[in-house]
Amino acid sequence: MAAAVSAITERIPPPAHGEAHVWLAWTERFAATEILDYCRTLLAQDELEKWRRFHFERDRQLYLVAHAMVRQVLAAYLAIAPERLQFVANRYGRPELVREPGMPDLRFNLSHAPGLAALVVTRSADCGIDVEARRELGDLAAMAGQVLTAAERDYLWRLPDTERNWAFLKLWTLKEAYIKAVGKGLSLALHEFGFALGADISIRFQTGSADAAGEWQFAQRFPGPDHVLALALRSGDGPTCVYREWAPQRRGGSA
Ligand SMILES: CC(C)(COP(=O)(O)OP(=O)(O)OC[C@H]1O[C@@H](n2cnc3c(N)ncnc32)[C@H](O)[C@@H]1OP(=O)(O)O)[C@@H](O)C(=O)NCCC(=O)NCCS
């Protein structure tokens, strides 16, 4: 999937209503000490404390680059210093921007998987994003039994063995994107809503959901051969999605 690489040095126009901007960071491209040192300068104290707690360097780097991207992109939309941004999490852990008077109502969601961080930003619309890296999942039947609907399981088991693991990850990203957009985390039962993969992806609720399928739009992309990305947006009229790659950019020059 081709996406323009954007270096951020100044204000960029925030998404319009009905638009979703998706930013991708290939985190392992930014391993140089000076880049990571620069990313660290953008993070707040609580983020740095979390960053320090990761055991493996690869996880530390992923977290650092992902959160530097969040701060730098949102700050460029708002034309303020990245360090000035404040976040508040709901009771399920979903972070939102703390709005200062006059700030546009930007919503965002972040996801990271080995090698890739993805950020979606909208103008007030609920949004969720999930990325997963290709990997063997082990006992697929047990996992499918816990998180898929009967129709999703039927679909999976009609596929050749060799395709099943990847198809599970595709369904999984859509489910995660939806629960992240709703913001209630795993308090939502994953087997109570499902997806049919195809050109037009829509959600199907099992009986009893208070949510309306028609309010939601979904998209699935493959940013590289080993990553799958899903997007969930509460927007009835088919939003425009713009995909861009992000690289750390020191104000006044490259990092
Ligand atoms: C937290 C959760 C919402 C997403 O977790 P995840 O898929 O592991 O992680 P992602 O990388 O996609 O997203 C993490 C980011 O989502 C955001 N987030 C955290 N809680 C959130 C919530 N309730 N709703 C929306 N976004 C949330 C944060 O920005 C977080 O980033 P941070 O931890 O670096 O601050 C939750 O669904 C979860 O724990 N899922 C279980 C994951 C799992 O079992 N995976 C098995 C894969 S087959």
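Author: In this predicted model, helices (H or I, at least four residues) and strands (E, at least two) are DSSP runs, numbered from the N terminus.

Reader: What percentage of residues 127-231 is strand?
Author: UniProt, in an unreviewed entry, places the feature "domain: 4'-phosphopantetheinyl transferase" at residues 127-231. The C-alpha atoms at the ends of this span lie 7 Å apart. Its helix content is 37%, and its strand content is 26%.

Reader: Which residue of S11 is the bridge partner of Ile 129?
Author: Ile 129 is one of the residues on one side of S7, a strand covering residues 127-133. S7 runs antiparallel to S11 (residues 227-234), and seven bridges join the two strands. Within S11, Ile 129 is bridged to Leu 231.

Reader: Which residues lie on the side of S7 opposite to Cys 127, Ile 129, Val 131 and Ala 133?
Author: In a regular strand, side chains alternate between the two faces of the sheet. Seven of the seven residues in S7 are buried, and both of its faces are covered. The side opposite to Cys 127, Ile 129, Val 131 and Ala 133 holds Gly 128, Asp 130 and Glu 132.

Reader: How many residues does H3 give to the largest nonpolar core?
Author: The largest nonpolar core has 37 residues, and Met 69 and Leu 74 have the most contacts inside it. Elements that each supply at least two residues include strand S2 (19-26), helix H1 (33-42) and helix H3 (57-78). The most comes from H3, and its contribution is 13 residues.

Reader: Which tryptophans does Met 69 touch, leaving out residues up to four places away in sequence?
Author: With such residues left out, the contacts of Met 69 include Leu 24, Leu 110 and Leu 119. Its alanine contacts are Ala 25, Ala 117 and Ala 118. The tryptophans it touches are Trp 23 and Trp 246.

Reader: How is the aromatic pair of Tyr 178 and Phe 218 classed: stacked, edge-to-face or tilted?
Author: The two ring centres are 6.5 Å apart, with 50 degrees between the planes. Planes under 30 degrees apart would count as stacked and those over 60 as edge-to-face, so this angle falls in the remaining class. The pair is tilted.

Reader: How many residues apart in sequence are the parts that this pair ties together?
Author: Tyr 178 lies in helix H6 (residues 161-182), while Phe 218 belongs to strand S10 (residues 216-224). Tyr 178 is buried at 3% relative accessible area, and Phe 218 is buried at 10%. Because the partners sit in H6 and S10, the pair links parts whose separation in sequence is 40 residues.

Reader: Which ring has Lys 175 over its face?
Author: Tyr 178, Phe 193, Phe 195, Phe 205, Trp 216 and Phe 218 form one aromatic cluster. Lys 175 is placed 5.1 Å from the centre of a ring in that cluster. That ring belongs to Phe 193.

Reader: Is Thr 149 buried or exposed?
Author: Thr 149 is in the loop between helix H4 (140-147) and helix H5 (150-158). Beyond residues up to four places away in sequence, Thr 149 touches Lys 175, His 191, Phe 193, Gly 194 and Gln 206. Its relative accessibility is 6%, so Thr 149 counts as buried.

Reader: How far apart in space are Pro 239 and Trp 51, C-alpha to C-alpha?
Author: Pro 239 is found in the loop between S11 and S12. Neighbours within four places aside, Pro 239 contacts Gly 18, Gln 217 and Leu 233. In sequence, 188 residues separate Pro 239 from Trp 51, and the C-alpha to C-alpha distance is 34 Å.

Definitions and conventions: Residues are numbered from 1 along each chain as its sequence is written. This is a predicted model: local features need pLDDT of at least 70, side-chain atom pairs count only at pLDDT 80 or more; totals for chains, interfaces and linings use all residues. Side-chain values use heavy atoms; hydrogens and water are left out. Rings of Phe, Tyr and Trp (its six-membered ring) pair if their centres lie within 6.5 Å; planes under 30 degrees apart count as stacked, over 60 as edge-to-face and the rest as tilted. Buried means under 20% relative accessible area, exposed over 50%, partly exposed in between (1.4 Å probe, protein chains only). A charge sits over a ring if NZ of Lys or CZ of Arg is within 6 Å of the ring centre and within 35 degrees of the ring normal. Two strands pair if DSSP finds at least two bridges between them. A nonpolar core is a set of buried Ala, Val, Leu, Ile, Met, Phe, Trp, Tyr and Cys residues joined through side-chain atoms within 4.5 Å. Contact means heavy atoms within 4.5 Å. UniProt positions are given in the numbering used here, feature names are shortened, and annotations may be inferred rather than shown by experiment.
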